[in-house]
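The following account leads through a structure in stages, from backbone geometry to the contact between chains and then to the ligand. Please keep the sequence and the coordinates in view while reading.

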Amino acid sequence: MDGGEGLDLTRAFQDLLRVRLTEETLASRYKEQEMRTPTHFGTGQEAVAVGVCQALAPADAVYSHHRSHNHYLARGGSVYRLAAEIYGREDGCSRGRGGSVHLTARDSGFIISSAILGQTVATAVGSALAFAMDGTDAVAVSFFGDATLEEGVFYESLNFAALHHLPVLLVCENNLYSTESPADVRQPPGSSLCGRVRSFGVTADQVDGNDVAAVFKAAAAARLRARAGGGPVFLECMTYRWREHVGPAFDHESGRTYRSKAELDLWLERCPVRRAAAHLVRTGQAGVDDVNTMADTTATHVAAEIERARAAPWPSPDSLFDHVWRATAGNVA
Amino acid sequence: MSRILTYAEAISEATVQAMERDPNIFITGIAVDYPSGIFGTTTAAYQRFGSARVFDAPAMENALTGIAIGAAASGKRPLIVHPRNDFMFLAFDNLINLAAKWSYMYGGQAGSVPIVVRAVIGKGWGQGATHSQSLQAPLAHFPGLTVAMPATPRDAKGLLLAALQADGPVVLLEHRALYNVSGPVPSEPEPTPLGRAAVLRPGRDITIVTTSLMTIEAEQACKDLARLGVEAELVDLRSIRPLDSETILASVRKTGRLLVADTSWELCGVTSEVAALAAEQAFGFLKAPVRRIALADCPAPVSQVLEASFYPRASTLVRAALSLLGKADQVETTDRPDDFKGPY
Ligand SMILES: Cc1ncc(C[n+]2csc(CCOP(=O)(O)OP(=O)(O)O)c2C)c(N)n1
């Protein structure tokens, strides 16, 4: 594991635990059919979200896509409000209107996640434009998957961001698959994502996305560079999604064959949470007992928050039309 | 000969039969070659014709549509499938600015672009605001595009066959909640004419004009109404453009009452169009105001309790019909169970 200078590894580890245990608890609860909304779990990819978010300042703006829980939580979003959203409750971060793919926690600097591929690449570039116009120090971050580099909007946004040297971090979580399609049916052999991005004159680096310290180090450097007027930076974080594309099961449990159990097992060995724990212990920053205590404390907290969300009140049907329009002086209601 | 097939099986059968007949047909789009192939509708075609004619596409809705147009201009007959019709918004430029106008804009001199687009409307189980819209009204707004919405397994087969033989671009909007509905389907490749509505049930008291899933809801509503002595005539539009005004008007002139139900919103929607048609051309026959049934006027919410009040159902139609007939709505209605389960 990389040194990740400047990273508070204990804090990062606690965040990794929080993200992992929330996702795993939600996934087990999801099978009860009470959470009635398509949900993309991010188990296995936690180090990307945590590594990048640890490198950010409070004023930075984070955007995410359909696999959004990791980013929401790593940026400081509440377990309770996330769970309540997925349960469709009034206390959900989007009041039960948005579901798993439409999260927001503006107070924590998590602007939104959105389900249509590529949308939040453009919006992050827009936030970066605003920051540049205002001369602030903030940067914008967009998290997305590798399939977003198939959409035209990605290249249009990249071109604009490069043209205007905008402070935006484009963080690709390359988990090798788009739904059930492996990269080789979607991208020509020999073509690399970083190579494409570099052809726009944009800095692009590949990092081990299961190594929280390596991700942190790359993100911190990228952030500095973007703030110093260096323009957008693209990070390709190599990682793997453990569970099915949408839903809580493992693919082999559902009889899907687009990737093998052996391949999954290989990635399970590279578990980003276990790796961070081993690193903590190896470097003497924590003992095995400390690690276990942190895991137990987090598990108890997460379970209680999710249970509380499950018992939270439903939205009132009378509120169905709330927030369709913003009331503006002079507008007809 | 007719057998009972599901809507999904009917689409699958139509696809294979059409591809057997016409070697120029190919299918592309996200997930079309998966074992689960768009609710199983493209699986048989993939097994039969292989990856040369049924192949996955990267996430590239706009360019894919342009590519299909180019292929069609060069003799192919592409069938693009969108797992959700909402993803098609990204394709509107090529679909509307080019495909729909191709014939007209070049004075009929640039040949035709017979592309077929199948797109799935989502509903329920928390599909939410961007995975549940029904795009028939915006699509049908543009001259040059044919837009159809099969409601029954028979028409799912027939309309796809017709689309795959049509000269210009055709969009077929299929409702996710229909794939498991079964009904009689002819085994022969019998196209359903584009631009013709179907009178699914004759009646004299009220006309119910419907699209897509609302047709199935209305079939249930008609049964409930029949128990109360009300004979409703059910007209399934099938095609949004061309719109079969003759069938609609003939029915309204007969019954004098019109209830229109669509899977999308009211304002500037299909229900508005049908209501305007009746007001302009059958006004003297109307014994009551036209009544529209559409989605609640907000984006689709995710929460289960809100979803339940968002979507109109058979009972919504029954109540509206009875009020048009000036009858009290103390009636036992039987909404179809919503038995869909996730994760999709
Ligand atoms: C414009 C658009 N087209 C298609 C989809 C359907 N879709 C949702 S997620 C997904 C796969 C995305 O893969 P990737 O970007 O690699 O992210 P991952 O799911 O692997 O995290 C697709 C095709 C969509 N949401 N938006």
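Pro242(B) lies in the loop of chain B that runs between strand S12 (239-241) and helix H10 (245-255). In this predicted model, the peptide bond that joins Arg241(B) and Pro242(B) is cis, with omega at about 0 degrees. Such a feature merits attention because most peptide bonds are trans, just as most residues other than glycine have a negative phi.

Chain A offers two exceptions of the latter kind. His165(A), in the loop between helix H6 (152-163) and strand S4 (168-174) of chain A, has a positive phi near 50 degrees, although the residue is not a glycine. Leu176(A), likewise not a glycine, has a positive phi of about 75 degrees. Leu176(A) is placed in the loop between S4 and strand S5 (177-178) of chain A.

From the backbone the account turns to the contact between the chains. Chain B contributes 34 residues to this contact and chain A contributes 36 residues. The size of an interface is often given as the accessible area lost when the parts come together. For chain B and chain A, the buried area is about 2,900 Å², and carbon and sulfur atoms account for 61% of this area. What polar interactions, then, are counted between chain B and chain A? There are twelve residue pairs in polar contact, with both residues at pLDDT 80 or more, whereas zero salt bridges are found across the interface. On the side of chain B that touches chain A, helix H12 (residues 304-310) of chain B supplies the largest share, with six residues. By residue class, this side of chain B comprises 19 nonpolar, nine polar and six charged residues.

The ligand is located between chains A and B. It is surrounded by 20 residues, of which the closest are His66(A), Arg67(A), Ala115(A), Asn175(A) and Glu61(B). The shell around the ligand consists of eight nonpolar, eight polar and four charged residues.

Several backbone atoms of chain A approach polar atoms of the ligand. A backbone N or O atom of Ala115(A) is 2.8 Å from a ligand nitrogen atom, and a backbone N or O atom of Leu117(A) is 3.1 Å from a nitrogen atom of the ligand. Tyr177(A) places a polar backbone atom 2.9 Å from an oxygen atom of the ligand. How much of the ligand does the protein bury? Of the 580 Å² that the ligand exposes when taken alone, the protein buries 96%.

Definitions and conventions:
Residues are numbered from 1 along each chain as its sequence is written. Chains are lettered from A and ligands numbered from 1 in the order in which they are written. This is a predicted model: local features need pLDDT of at least 70, side-chain atom pairs count only at pLDDT 80 or more; totals for chains, interfaces and linings use all residues. Side-chain values use heavy atoms; hydrogens and water are left out. Contact means heavy atoms within 4.5 Å. Buried area is the accessible area (1.4 Å probe) that two parts lose on being put together, summed over both. A salt bridge is a side-chain nitrogen of Lys or Arg within 4 Å of a carboxyl oxygen of Asp or Glu. A polar contact is a pair of N or O atoms within 3.5 Å; within protein, one must be able to donate a hydrogen and the other to accept it, and residues adjacent in sequence count only if both atoms are side-chain atoms. Helices (H or I, at least four residues) and strands (E, at least two) are DSSP runs, numbered from the N terminus. Ala, Val, Leu, Ile, Met, Phe, Trp, Tyr, Cys and Pro count as nonpolar, Asp, Glu, Lys and Arg as charged, and the others, Gly among them, as polar. A residue is near a molecule or strand if one of its heavy atoms lies within 4 Å of it. Accessible areas come from the Shrake-Rupley method with a 1.4 Å probe; for residues, only the protein chains shown count as cover.
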